[in-house]
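Thank you for making time this morning. I would like to walk you through one structure, beginning with its aromatic rings, then turning to its cysteines and finally to one of its strands.

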Amino acid sequence: MKKVYLDNAATSFPKAPGVAQSISDFLLYNGANINRGTYDSSYSAAAVVYETRELLCALFKFNKPENVVFTRNVTESLNLAMKGLLKANDHVLVSALEHNAVLRPLSALAKKGVSYTIIPCDSEGGLEAEQIKDCIRPATKAVIMTHASNVSGTILPLQEVGAACKENGLVFIVDAAQTAGFLDLDFTALSADILAFTGHKSLLGPQGIGGLLLTDEMAERLDTFIEGGTGSASEEAAQPLFMPDKFESGTPNIPGIFGLNAALKYLEQTGIAGIRAEELYLTELFLSGISELPQVKIIGEKGSAKRTPLVSLDFRGHDNAEIAHRLAGDYGIMTRCGLHCAPWAHKTLGTFPQGTVRFSFSHFNTTEEIGYAVASVKKCLRG
Ligand SMILES: Cc1ncc(COP(=O)(O)O)c(C=O)c1O
């Protein structure tokens, strides 16, 4: 059976050309730890790790490679940021589209006295940055916000949100899980204090590698998340406070960083503007094929102007899970159904508790695959 992968918002597939080779070459021909060995392979591995920080700086228009911290994924990055920053009696603002990567740490922090307000979004996922001012309290410390919803694909007005944060002295933490590698992100233009990313979605790298970018002020203010060996200042019992060692204890995912390095070079050479144009073309194609179907409700805005390359559908009068199951079993089309780890987003968008079937595209998909997906949905609906 034909296989069509349309679950790129969960994790991209295929990965960028060169990623698998880079990981394999590291494991076969280098394999050394970094910051610990006094031999060539350790130095050359460390050089690739540093170069990867520089590539991330170039991508996010950030100027401090040492303030790029590697983690396992954006979930770990957000935990590091929130738990490092927030103390009892602090208050934060989040959007009504947040992923559990924000909601669950917040719910854990709530037990320690941190409170939060959810800034409402409309039923298409739109948010007015103006609302922020009305939600601020004397104890408000930060705004934590996804750049785009992983359910509706709605892109939130983060530049305006960042400006409001700056105006009101709030820390701005950005969850760029769905936009890094898709949109042109500029750390300074967003007025971000912390930007968290994951390597395995539109950055086209492997799973198990992510990170965050921190201003100097945040690097100083945040408590450490885990402490341990860094290969530096080993005579000291306490964790070193210089960057990136303050937040990078233990042996990092070096194969993952090698994979991410190759992915970032691919993005740089190909250009994310061209990738984005291709992905939005495929998204439009899918939307226009599907929009004539009366049984299908398209979640979020109707067009692709403020959308990441994903489309969530609610099949009226049908069980969404059954449709996703049939698309996979009968037609080889891989989608993601359910709540997408974002229950609030579904409540906001009117798709709780049934969830949606999400189709998410990559520039490696073809127009022919999109046509096949639309035709397969139609066949599923015919029974
Ligand atoms: C908006 C958003 N935030 C956070 C995450 C969590 O990503 P990861 O599993 O890589 O930590 C996702 C993944 O689906 C996401 O879409």
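Let me begin with what counts as an aromatic pair here, namely two rings of Phe, Tyr or Trp, taking the six-membered ring of Trp, whose centres lie within 6.5 Å. Please keep in mind throughout that this is a predicted model. With that definition, a search of the whole structure finds eight aromatic pairs.

One of the pairs is formed by F60 and F197, whose ring centres are 5.6 Å apart and whose planes stand at 40 degrees, so this pair is classed as tilted. The two partners come from distant parts of the chain, since F60 belongs to helix α2, residues 40–60, while F197 belongs to strand β7, residues 194–198, and 137 residues separate them. Are these two rings buried or exposed? F60 is buried, with a relative accessible area of 1%, and F197 is buried as well, at 0%.

Elsewhere, F286, F359 and F361 together make up one aromatic cluster. There are also rings with a charge over them: the charged end of K2 sits over the ring of Y372, at 5.1 Å from its centre, and K347 lies over the face of F352, with 4.7 Å to the ring centre.

Now to the cysteines. How many disulfides does the structure hold? The answer is zero. For C121, which is in no disulfide, the nearest cysteine sulfur is that of C135, 11 Å away, and because a disulfide here requires two sulfur atoms within 2.5 Å, that distance does not qualify. Looking from the other side, C135 is likewise in no disulfide, and its nearest cysteine sulfur is that of C121. Both cysteines nevertheless count as buried, C121 with a relative accessible area of 14% and C135 at 16%.

Finally, I would like to turn to strand β8, residues 210–214. Why do we call this strand largely enclosed by the rest of the structure? We do so because five of its five residues are buried. Both of its faces are covered, with G210, L212 and L214 buried on one side and G211 and L213 buried on the other.

As for its neighbours, strand β2, residues 68–71, runs antiparallel to β8 and is joined to it by four bridges, and within that pairing T71 has G210 as its bridge partner. Strand β7, which carries F197, also runs antiparallel to β8, here with five bridges, and A196 stands opposite L212.

How values were computed
Residues numbered from 1 in each chain as written. Predicted model: local features only at pLDDT ≥ 70, side-chain atom pairs only at ≥ 80, totals over all residues. Heavy atoms only, no water. Phe/Tyr/Trp six-rings, centres within 6.5 Å; stacked < 30°, edge-to-face > 60°. Helix = DSSP H or I, 4+ residues; strand = E, 2+ residues; numbered from the N terminus. Buried < 20%, exposed > 50% of the residue type's maximum accessible area, 1.4 Å probe, protein only. Lys NZ or Arg CZ within 6 Å of the ring centre and 35° of its normal. Pairing = 2+ DSSP bridges.
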